[in-house]
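Work through these exercises with the model open beside you. Try each task before reading its solution.

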Amino acid sequence: TACDIFEAIEHACSHYNHSNHKHRFNINLTLGCSTREWPKKNLDETEKAAENDMLSRKLLNQKSSHSNVVSSIMATLYVRSQETEEHARRLKNLTHMIGKELQLSQRELDELALFAMLHDIGKVGIDDHILNKRGKLTDEEWVIMKKHPGIGYRIAMASPEFKAIANYIFCHHERWDGKGYPRGLKEEAIPLLSRILAVADAYDAMTENRIYREAVSHEMALQAISDNAGSQFDPTVANAFILAMSKNPAKQQID
């Protein structure tokens, strides 16, 4: 109900801004919400949670000065590696689609969006010759590359704005079967949002050209997701992704 109210407010502001071209100023709001789910819960905690939700959304609001922090970090990552703004945008959209299919709360969707944009932030701490190597990495280079989730975790924990997604960053290369890294977590010990990103990131990696291989088709990528459900991927998340894609067949070209 709270989310419905602030979406109505956002819609009203957007309608005002688009229909009143003669006004000198537009209305720009970033809202947040939280709910006290039982009577004895401290209302101050609920208000604080709503404030934190608002601050998280400010980071994703391009018209907010807070988003400059995200933009600056992303720009640094783009310069250092092969990652692009389009890749981050596609992941944001893909993970949102999965989150909606899984009926995540608005707060979880907001955290998922920020996480999708910053999941590889730890790569800023990896040497350029490893990040941009055209051939396969050596065993020694892989040891270094596998440090980037931990580096990203430490960067996120150092900033109050990013603490909420720090553990998701740490776990985004874990696998459902426990064969991932850095901690070898298994199944539901891996945070749900990390499991969601793992599916979306794999799909995007397969369907985009890389310097070391060509992209595969949308259908082949979905088949690979299905084949690896229960091993590499959380089967519930994988099935939700495939179902969401079947409802949106044009999503292989994420806009």
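**Loops and unusual backbone**

E187 is found in the loop between α9 and α10. This is a predicted model, in which local features need pLDDT of at least 70, side-chain atom pairs count only at pLDDT 80 or more, and totals for chains, interfaces and linings use all residues. Residues are numbered from 1 along each chain as its sequence is written, and side-chain values use heavy atoms, with hydrogens and water left out.

**Exercise 1.** Find the sign of phi for E187 and say how exposed E187 is.

Step 1. Phi of E187 is near 50°, a positive value, and E187 is not a glycine. Most residues other than glycine have a negative phi.

Step 2. The relative accessibility of E187 is 37%, so E187 counts as partly exposed. Buried means under 20% relative accessible area, exposed over 50%, and partly exposed in between (1.4 Å probe, protein chains only).

**Exercise 2.** Place Q103 and describe its backbone and exposure.

Step 1. Q103 sits in the loop between α4 and α5 (106–118).

Step 2. Its phi is positive, about 60°, although Q103 is not a glycine.

Step 3. Q103 has a relative accessible area of 70%, so Q103 is exposed.

**Exercise 3.** Decide whether the peptide bond from Y181 to P182 is cis or trans.

Step 1. Locate P182: the loop between α9 (166–170) and α10 holds it.

Step 2. Omega is near 10° for the bond from Y181 to P182, and the bond is cis. Most peptide bonds are trans.

**The whole chain**

**Exercise 4.** Count the helices and strands.

Step 1. Helices (H or I, at least four residues) and strands (E, at least two) are DSSP runs, numbered from the N terminus.

Step 2. The protein has 12 helices and zero strands.

Step 3. Turn to burial: 42% of the 255 residues are buried.

Step 4. Take contacts (heavy atoms within 4.5 Å) between residues at least 6 apart in sequence. Of these, 59% join residues at least 24 apart.

**Exercise 5.** How many disulfides does the model have?

Step 1. A disulfide is a pair of cysteine sulfur atoms within 2.5 Å.

Step 2. The count by this rule is zero.

Step 3. Check the exposure of two cysteines. C33 has 13% relative accessibility, so C33 is buried. C171 is also buried, at 1%.

**Helix packing**

**Exercise 6.** Classify the packing of α4 against α10.

Step 1. Helix α4 covers residues 85–101 and helix α10 covers residues 192–207. Their axes are 9 Å apart, at an angle of about 130°. Axes are lines fitted to C-alpha atoms, for helices over the stretch in contact, and angles run from 0 to 180 degrees between N-to-C directions.

Step 2. Angles under 35 degrees count as roughly parallel, over 145 as roughly antiparallel, 65 to 115 as roughly perpendicular and the rest as oblique. The pair α4 and α10 is therefore oblique.

Step 3. List the contact. On α4, the residues include R90 and L94; on α10, they include L197 and D201.

Step 4. The contact of α4 with α10 has eight nonpolar, two polar and three charged residues. Ala, Val, Leu, Ile, Met, Phe, Trp, Tyr, Cys and Pro count as nonpolar, Asp, Glu, Lys and Arg as charged, and the others, Gly among them, as polar.

**Exercise 7.** Classify α4 against helix α12 (residues 235–247).

Step 1. The angle is about 105°, with the axes 9 Å apart.

Step 2. So α4 is roughly perpendicular to α12.

Step 3. The contact includes M97 and E101 of α4, and F241 and K247 of α12.

Step 4. The residues of this contact of α4 with α12 divide into nine nonpolar, no polar and two charged.
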